[in-house]
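Student: I'd like to learn how to read salt bridges in a protein model. Can you walk me through some?

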Amino acid sequence: MRVLSVTPAIVLRSRSFGESDKIVSFLTRDHGKVTGIAKGAKRSRKRFVNTLEPFCLVNLHFQERPHSSLVFIHACDWILFFKDITMNLEKIAHASYLLEITDELTREREDNRLIFEHLKQGLVAIEKNQPSLSVLAIFGMKLLRLSGYQPMLDCCRRCGKTQPGLNAGLRDEDPEVAKSKSSGGWRFGLRDGGILCEACAEFRKETFSLSLEVLQVLTRLQGVDSVATSSLNLPLSALKESFTILSRFIEFQINKELRSAPFLDAFCTP
Ligand SMILES: [Zn+2]
């Protein structure tokens with residue numbers, strides 16, 4: 001007899017399958033990413049009552065199916081409904097970005113409870129607060145670490161030289177002065193998975209120039225452990241540049257463009 005598993009889960013994506021079924025991907029707390037088929041989900045709304053839509057946090061009841069990577073979705077019960085997210089377009093854009101990068105940076109059945117808790121915390125932060133680019137940037141940076149893609153930011157990836165932003169205090173500095181300071185030619189290398197000094201970056205492809213301020217913001221982001229941290233007070237232009245670099249780095253790792261990025265851009269341009 002096949003065992004029924006029950007686990008908290010967040011719906012990552014959902015699509016119609018045939019006339020009455022749905023195929024749904026979840027990030028579960030206990031089994032990693034799980035994709036399954038919900039038979040009759042489009043007809044029998046009673047059984048699932050809108051629990052198969054993105055952003056839902058549910059208790060997922062599922063069974064393995066023989067000879068198939070798709071599980072059988074038996075039922076879903078509500079744990080948390082992110083009402084504010086579903087009613088605000090900007091919050092939808094932010095939450096969609098979180099779901100997409102989590103989906104892309106995780107593999108099926110790779111158990112990682114920390115990523116589940118991180119995504120849950122990210123959605124709660126978007127639900128409860130004003131949409132904030134720093135939440136997205138902190139989320140992305142920590143997700144890269146939890147999924148094994150953490151960029152190296154403390155020294156040059158090739159020669160080991162220490163970067164100049166490490167010891168400079170960002171918050172104590174006049175923003176205009178910080179903005180004008182050059183990093184001395186440091187760049188972020190997508191292929192290198194981190195920063196490169198001027199000498200090592202020469203002739204390297206797919207690199208982004210880094211001002212001292214952006215270097216400092218990226219370093220600060222890496223030091224933050226929780227998206228609930230609201231007192232970072234990072235300079236907006238450097239935060240935007242840092243966020244763009246992180247998104248490009250994620251796209252480089254997954255080898256495709258993020259679908260949620262253009263939607264997000266509509267809200268992030270001044
Ligand atoms: Zn170097």
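Tutor: Let's go through the salt bridges of this predicted model.

Student: What counts as a salt bridge, and how many are there?

Tutor: Look for a side-chain nitrogen of Lys or Arg within 4 Å of a carboxyl oxygen of Asp or Glu. By that rule, the count here comes to 16 salt bridges.

Student: Which residue does Lys142 pair with?

Tutor: Lys142 pairs with Asp225, and their closest N and O atoms are 3.5 Å apart. Lys142 belongs to helix α5 (residues 133–146), while Asp225 sits in the loop between α8 (212–222) and α9 (236–254), so this salt bridge ties together parts that are 83 residues apart in sequence.

Student: Are those two side chains buried or exposed?

Tutor: Lys142 is buried, at 13% relative accessible area, whereas Asp225 is partly exposed, at 47%.

Student: And what about Arg145?

Tutor: Arg145 also meets Asp225 in a salt bridge, at 2.9 Å from N to O. Arg145 lies in helix α5 and Asp225 in the loop between α8 and α9, so the pair links parts 80 residues apart in sequence. Arg145 is partly exposed, with a relative accessible area of 35%.

Student: How far apart in helix α9 are Arg248 and Glu251?

Tutor: They are three residues apart, which means about one helical turn separates them. Their side chains form a salt bridge at 2.8 Å, N to O. Arg248 is partly exposed at 31%, but Glu251 is buried at 12%.

Student: Which residues does the network with Lys33 link?

Tutor: That network of salt bridges links Arg13, Lys33 and Asp103.

How values were computed. Residues numbered from 1 in each chain as written. Predicted model: local features only at pLDDT ≥ 70, side-chain atom pairs only at ≥ 80, totals over all residues. Heavy atoms only, no water. Helix = DSSP H or I, 4+ residues; strand = E, 2+ residues; numbered from the N terminus. Buried < 20%, exposed > 50% of the residue type's maximum accessible area, 1.4 Å probe, protein only.
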